[in-house]
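Dear colleague,

I am handing over the structure we spoke about, and below it you will find an account of what came out of it. Please read the text with the structure open beside you.

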Amino acid sequence: MNLFHFFLQNRDQIVELTLEHLWLVGISTLFAVVVGIPLGILSAHWPVWNRPVLGTANIIQTIPSLALFGFLLPVPWLGDRADRLAILALTLYALLPVIRNTYTGIRGVDPAVVEAGRGMGLTTRQLLFQVELPLALSVILSGVRVAVVVSVGLATIAAAIGAGGLGEFIFRGLAMVNNQLILAGAIPAAVLALSADFGLGWLEKRLRPQ
Amino acid sequence: MLWLDRNMERTSANHPVIEFRNVDYALPGGQQLLAALNLQVQKGETLVLLGRSGSGKTTTLKLINRLLTPSGGEVRVNGTPTTQSDVIRLRRGIGYVIQDVGLFPHFTVERNIGLVPRVEGWTPERIHLRVEELMQLVGLDPQMASRYPHQLSGGQRQRVGVARALAADPAILLMDEPFGALDALTRDQLQREFLSLQQRLNKTLVFVTHDLREALRLGSRIALMESGRLVAVLSPKEFLRSRDPLAAAYVRAFADGLDSSNRGAS
């Protein structure tokens, strides 16, 4: 009951930080999709790019998040504003699942279908947009889903460098040894992650080719 | 088959529709798949490429629509080397049917058949009429137009594949074991329809198979291949009398098959 009252009293701030959180996750996912899908297409079509692209994305993934935030802090323009920095870091983490699933999705298209398309005289572009991407869409989307769920969690750490988001409650709660504060950050973050997972999972199922 | 022979005589004076001039094909790793191939396909004939797997017949077929590029010699289609023509135009002028059919699983039957006309910029009404006409031609119920490939039987799928290849009315049709994955009865029926279709459409056809019965039945000439080489080009009648060891071996295997099935029946 206490917790409920706490939520009610602080609802304005909870809503504000949740929106901030959503913004961090949304923008960084958008960047990751805009950069990651072309990179995934590149590595699926030209195997030379496969290793450098996926390798780099893999290495980024192994850097601990707190360390990555720290590394980026002294970078000139980026370090000026914490949210820029947080968005870049989240984008970098979101890249791997997006690139890898785009690659897997396109490589997974039935070779007979691709050959028939080429044999019929589709251009590379027509083949990509009318055949390969539509057939890979559900796999790509499941990569985006993973990226979003991971980002919701990671974005709480962005509060450590002052980028805002639900992490603020968590860090404040940890410092003050206040469980209610921690939960005020953790519960909305969990709800965000679960609803993103559910919503994108539903979309993915609808788009899956028979 | 008679009409085809007559047809051939009439047009053989013209230059061939497809011509292989001393064509080699090797994989990037250096493995030679095709060596010194010389072959001509005349207008309106059905040339069957017969051989076992790995003999180079599919490679030969893919050199025609430039899914593969020769590493030596040249392939001419309508007199122009394939390497000098626009590859997209070349392919749109050649229908292509493969064993795995390769229908687009996310497209309805109608969209599958109408794909080339659509990318060629036909109006929707014209595409619709053409799709209806083609479905009738290949013996598909027009009601199937809105179905997806996974809702069709193997035979129906292959009919859609043929209709799709014919959509933009290409003068040349390449078929790579189109009936290979079908059950014997469906195959027989499609072969029969194929013959009557060819009689009406009079396309220039190159047909790949490893089945002698199919080759004898559908081909006006049979090009026998082995280990990347062309062994002989024979009419079905000549093939049955041929003294070529490989051709004879095919005929023997074929006859043995008939023999043992007769024995089984008695």
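A residue is called buried here if 20 or more other C-beta atoms lie within 10 Å of its own, exposed if 12 or fewer do, and partly exposed in between. Please also keep in mind that this is a predicted model.

With that cut-off in hand, helix H7(A) is a good place to start, since Val113(A), Ala116(A), Gly117(A), Arg118(A) and Gly119(A) are buried in it. The buried residues of H7(A) pack against H8 of chain A, and also against two elements of chain B, namely helix H3 (87-92) and strand E6 (94-98). After H7(A) comes Gly121(A), which has a positive phi, near 90 degrees.

This leads to the place where the two chains meet, at which 16 residues of chain A are in contact with 17 residues of chain B. On the side of chain A that touches chain B, the elements giving two or more residues are helix H7 (111-119) and helix H8 (124-155) of chain A, and H7(A) gives the most, with 6 residues. Sorted by character, the residues of that side of chain A are 9 nonpolar, 5 polar and 2 charged.

Two single residues may help you to find your way around. In chain A, Ile161(A) sits in the loop between H8 and helix H9 (167-176), and Ile161(A) counts as partly exposed because it has 19 C-beta neighbours inside 10 Å, where 20 or more would make a residue buried. If neighbours within four places in sequence are left aside, Ile161(A) is in contact with Phe69(A), Leu73(A), Ala82(A), Leu85(A) and Ala86(A). In chain B, Phe194(B) belongs to helix H8 (residues 184-201), and Phe194(B) is buried, because 21 other C-beta atoms lie within 10 Å. From Phe194(B) to Ala165(B) there are 29 residues in sequence and 13 Å in space, taken from C-alpha to C-alpha.

As for chain B as a whole, it has 11 helices and 10 strands, and its C-alpha trace spans about 55 × 55 × 40 Å along the principal axes. Its radius of gyration is 19 Å, which agrees with the value near 18 Å that a compact globule of 266 residues would have. Buried residues account for 42% of the 266 residues in chain B, and among its contacts between residues at least 6 apart in sequence, 68% join residues at least 24 apart.

With best wishes

Conventions:
Residues numbered from 1 in each chain as written. Chains lettered and ligands numbered in written order. Predicted model: local features only at pLDDT ≥ 70, side-chain atom pairs only at ≥ 80, totals over all residues. Contact = placed C-beta atoms within 7 Å. Helix = DSSP H or I, 4+ residues; strand = E, 2+ residues; numbered from the N terminus. Nonpolar A, V, L, I, M, F, W, Y, C, P; charged D, E, K, R; others polar. Rg over C-alpha atoms; globule rule 2.2 N^0.38 Å.
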